[in-house]
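This report moves from one helix and its surroundings to the core, to two individual residues and then to the chain as a whole.

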Amino acid sequence: MRKAFLHFKKLSVITVTISVIIGIILIARPDDALKIVSIICGSGIIAVGVGAWISYFTKFKTALMAILGTIAVIAGITVCLKYREITQVIIFIFGVFMLISGIVDFFSSLDVRRGGLRGWAGLTIVSVITIIISLAVIFNPFESYLTLTRIIGVGLIIYAITDIIALIELNSINKAINNAVNATDEIDVEAHDKEN
């Protein structure tokens, strides 16, 4: 079991390598990363639409299949061509939800303060930070996306580093266990030889 686990962990070097590459791309070229992901997603949606049309012509001649196929193809083309606008709308909506959450938390912190309970100051600080970040996201969604993309890139690189450290640690633990097992086997052999 231990050997299988260690072998699996060694295979994670592939994911570590891919994570580092993607992380570097996300940090260096976040706009290109958005474009690539959007084209991949859009192409997938187009493929679903084309598949629906193929099904319409070969198996299921229903209007629903044709409508779904058409909607999917149009949606896929839109995602491929208008990815920036779509991303900005999604991030704007996310910013609005963050702002509402920050405002609710702020008023909750005031209620906590009025109630004489501890922790209101920390809640107030967090709510104010949330409001500030949400306003930045609302008023500059594309720049917010680029920053978020870079943070994800840094996160992937940190994951890769910690996974390499874990692999090194697991290798050293495995060696220590193997040495201990070999030492025990030698003691058993010596004891067996003395008995004979």
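## Helix α3 and its two faces

In this predicted model, the buried residues of α3 are Ala66, Gly69, Ala72, Gly76 and Cys80. Around the helix axis they cover an arc of only 130 degrees, which places them on the same side of α3. The cover over these buried residues of α3 includes α2 (30-58) and α4, whereas the face of α3 turned away from the buried side carries the exposed residues Ala63, Leu64, Ile71, Ile74 and Leu81.

The length of α3 can also be checked against its residue count. Helix α3 (residues 63-81) has 19 residues, which at 1.5 Å a residue should span 27 Å, and the C-alpha atoms at its ends are 27 Å apart, in agreement with that expectation.

## The nonpolar core

Which residues form the largest nonpolar core? This core has six residues, namely Leu34, Tyr83, Ile91, Val137, Tyr145 and Leu146. At least two residues of this core are supplied by each of α4 and α6 (141-195).

## Two residues in α4 and α6

Phe92 is found in helix α4, which comprises residues 83-114. Phe92 has a relative accessibility of 38% and therefore counts as partly exposed, since that class lies between the buried limit of under 20% and the exposed limit of over 50%. Although Phe92 and Ile138 are separated by 46 residues in sequence, their C-alpha atoms are 5.0 Å apart in space.

Is Thr149, which has its place in helix α6, buried or exposed? Thr149 is buried, because its relative accessible area is 5%, and the cut-off for being buried is under 20%. When its neighbours within four places in sequence are left aside, Thr149 is in contact with Leu26 and Pro30.

## The chain as a whole

The protein has six helices and zero strands, so that its elements, read from the N terminus on, follow the order α-α-α-α-α-α. Of the 196 residues of the protein, 22% count as buried. The accessible surface of the protein comes to about 13500 Å², and 74% of this surface belongs to carbon and sulfur atoms.

Contacts across the sequence complete the description. Among contacts between residues at least 6 apart in sequence, 76% join residues at least 24 apart.

Methods:
Residues are numbered from 1 along each chain as its sequence is written. This is a predicted model: local features need pLDDT of at least 70, side-chain atom pairs count only at pLDDT 80 or more; totals for chains, interfaces and linings use all residues. Side-chain values use heavy atoms; hydrogens and water are left out. Helices (H or I, at least four residues) and strands (E, at least two) are DSSP runs, numbered from the N terminus. Buried means under 20% relative accessible area, exposed over 50%, partly exposed in between (1.4 Å probe, protein chains only). The expected span of a helix is 1.5 Å times one less than its number of residues. The arc is that of the directions from the helix axis to the C-beta atoms. Contact means heavy atoms within 4.5 Å. A nonpolar core is a set of buried Ala, Val, Leu, Ile, Met, Phe, Trp, Tyr and Cys residues joined through side-chain atoms within 4.5 Å. Accessible areas come from the Shrake-Rupley method with a 1.4 Å probe; for residues, only the protein chains shown count as cover.
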